[in-house]
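This report describes selected features of one protein model, arranged by topic. The sequence and structure are shown first.

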Amino acid sequence: MRPFGTTIFAEMSALAVRTGSVNLGQGFPDTDGPAAMLDAAAAAIHGGRNQYPPGPGIPELRAAISAHQRAFWGLDYDPDGEILVTAGATEAIAASILALCEPGDEVVCFEPYYDSYAASIALAGAVRRPVTLRAAEGRYAFDPAELRAAFGPRTRLVLLNSPHNPTGKVFTAAELAQIAQLCVEYDVLAVTDEVYEHLVFSDATAPHVPLAGLPGMRDRTVQISSAGKTFSCTGWKIGWVCSTRPLVSAVTRVKQFLTYVNAGPLQPAIAVALESPPSYYQEFRDDLQRKRDQLCKGLTEAGFSVLQPEGTYFVTADITPLGGTDGVDFCLALPERCGVVAVPTQVFYDDVDAGRRLIRFAFCKRDEVLDEAVARLQRL
């Protein structure tokens, strides 16, 4: 782990505090989630649900996750054996990779990638085989030949994040079909990070489609999501794994020695949140899409070349029109120049040059915060 220092999110958030800047770096909302969820958590705390929950998660949460998967994605998972509650999606990803990879195994992943992916692969003694997402004609895409070339005899699993952080890309049906075909052809597993599953915007080129729903993928996919993004409670750290009994059992054996269990009184509250009516998810998405448009417009007016995201909390922008040549230098100087913090996306690449001039902004903030950030960015 020597190459892994403090995460870029912690560094940039600390910089925002030191400089009094508007923090559009770290992807956490500044409003709370549904009132019914908050009330259920308070009731659970005062109702004595403050001790260790069952190892797999409380039964009502596992049942709610199962019902959610069936209702939205048409996937059936047995709450008793095919679902595991974790300390957020980050733990789910780490436990899955540690459980399924031996030293020297190769993991195909799409860069730029969330920084915990590289750390989890390193902890397992496995090897990253990145496939680069490159911006072309206003959206990110990968070279199909490059993806195929990443597979080989040592490939153990594919790690897929869609909707994708930090690019905001939603993988298309054709792209997912190619990934699934290679998984079947090479007999490898897939671990899918789908924490932004409900944040695909109405003007996206494709809807969210779980890889597990494609032919041949149900029994070889470890599907991961969490409550943090969908219900604006990122600090609660409640995620889940859905897969076959053997794969969930393998992940559980690792997870039990990481956090063991977590968030006892918050688990019943997430069960309540998952029972929200369809209108909640629609309004949630529409509100974030409006915020996306608000920030994209401001960034364009400030001089950035903006890549409009199809989903997630994030927008990436090219600093070249503003004379920028290095995203790290640009982001470190940005608080002094205009009082705004962003994240350089080059830190999420193995191929650093591919992302050197791109930076990421989060738009999951109150309107007045985005307005202030946009006003400050005009100084550029």
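## Salt bridges between distant segments

Arg 218 counts as partly exposed at 22% relative accessibility, where partly exposed denotes the range between buried (under 20% relative accessible area) and exposed (over 50%), computed with a 1.4 Å probe on protein chains only. The structure is a predicted model, in which local features need pLDDT of at least 70, side-chain atom pairs count only at pLDDT 80 or more, and totals for chains, interfaces and linings use all residues. Residues are numbered from 1 along each chain as its sequence is written, and side-chain values use heavy atoms, with hydrogens and water left out.

Arg 218 forms a salt bridge with Glu 82, and the closest N and O atoms of the pair are 3.1 Å apart; a salt bridge here is a side-chain nitrogen of Lys or Arg within 4 Å of a carboxyl oxygen of Asp or Glu. Arg 218 lies in the loop between β8 and β9, and Glu 82 in the loop between α3 (59-73) and β2 (83-86), so the pair ties together parts that are 136 residues apart in sequence. Helices (H or I, at least four residues) and strands (E, at least two) are DSSP runs, numbered from the N terminus. Glu 82 counts as buried, at 13% relative accessibility.

A second such pair joins Glu 310 to Arg 139, with the closest N and O atoms 3.2 Å apart. Glu 310 belongs to the loop between β11 and β12 (314-318) and Arg 139 to strand β6 (residues 139-141), so this salt bridge ties together parts that are 171 residues apart in sequence. Glu 310 is buried, at 9% relative accessibility.

## Other salt bridges

The structure holds 28 salt bridges. One of them links Asp 353 and Arg 356, whose closest N and O atoms are 2.7 Å apart. Asp 353 is exposed, with a relative accessible area of 56%, whereas Arg 356 is partly exposed, at 27%. In addition, Asp 287, Arg 290, Lys 291 and Asp 367 are linked in a network of salt bridges.

## Strand β3 and its neighbours

How many of the residues of strand β3 are buried? Six of the six residues (106-111) are, so the strand is largely enclosed by the rest of the structure. In a regular strand the side chains alternate between the two faces of the sheet. Both faces of β3 are covered: Glu 106, Val 108 and Phe 110 are buried on one side, and Val 107, Cys 109 and Glu 111 on the other.

β3 runs parallel to strand β4 (residues 127-132), to which six bridges join it; two strands pair if DSSP finds at least two bridges between them. Val 107 has Arg 128 as its bridge partner in β4. Together with helix α5 (residues 115-123), these two strands make a right-handed β-α-β unit, the path from the first strand over the helix to the second running clockwise with the strands pointing away from the viewer. β3 also pairs in the parallel sense with strand β7 (residues 155-161), over four bridges, and Val 158 is the bridge partner of Val 108 there.

## Backbone geometry

Most residues other than glycine have a negative phi, and most peptide bonds are trans. The bond from Glu 111 to Pro 112 is cis, with omega near 5 degrees, and Pro 112 lies in the loop between β3 and α5. The bond from Ser 162 to Pro 163 is also cis, with omega near -10 degrees; Pro 163 is placed in the loop between β7 and α7.

Asp 187 has a positive phi, near 55 degrees. This residue lies in the loop between α7 and β8 (189-193) and is exposed, at 57% relative accessibility. Lys 237 likewise has a positive phi near 55 degrees, sits in the loop between β9 (221-226) and β10 (239-242), and is partly exposed at 37%.

## Antiparallel sheet

Four strands form an open antiparallel sheet in the order β11-β12-β15-β14. β11 (305-307) and β14 (343-344) are its edge strands, each pairing on one side only. Two bridges join β14 to β15 (residues 358-362) in the antiparallel sense, and Val 343 stands opposite Arg 360 in β15.
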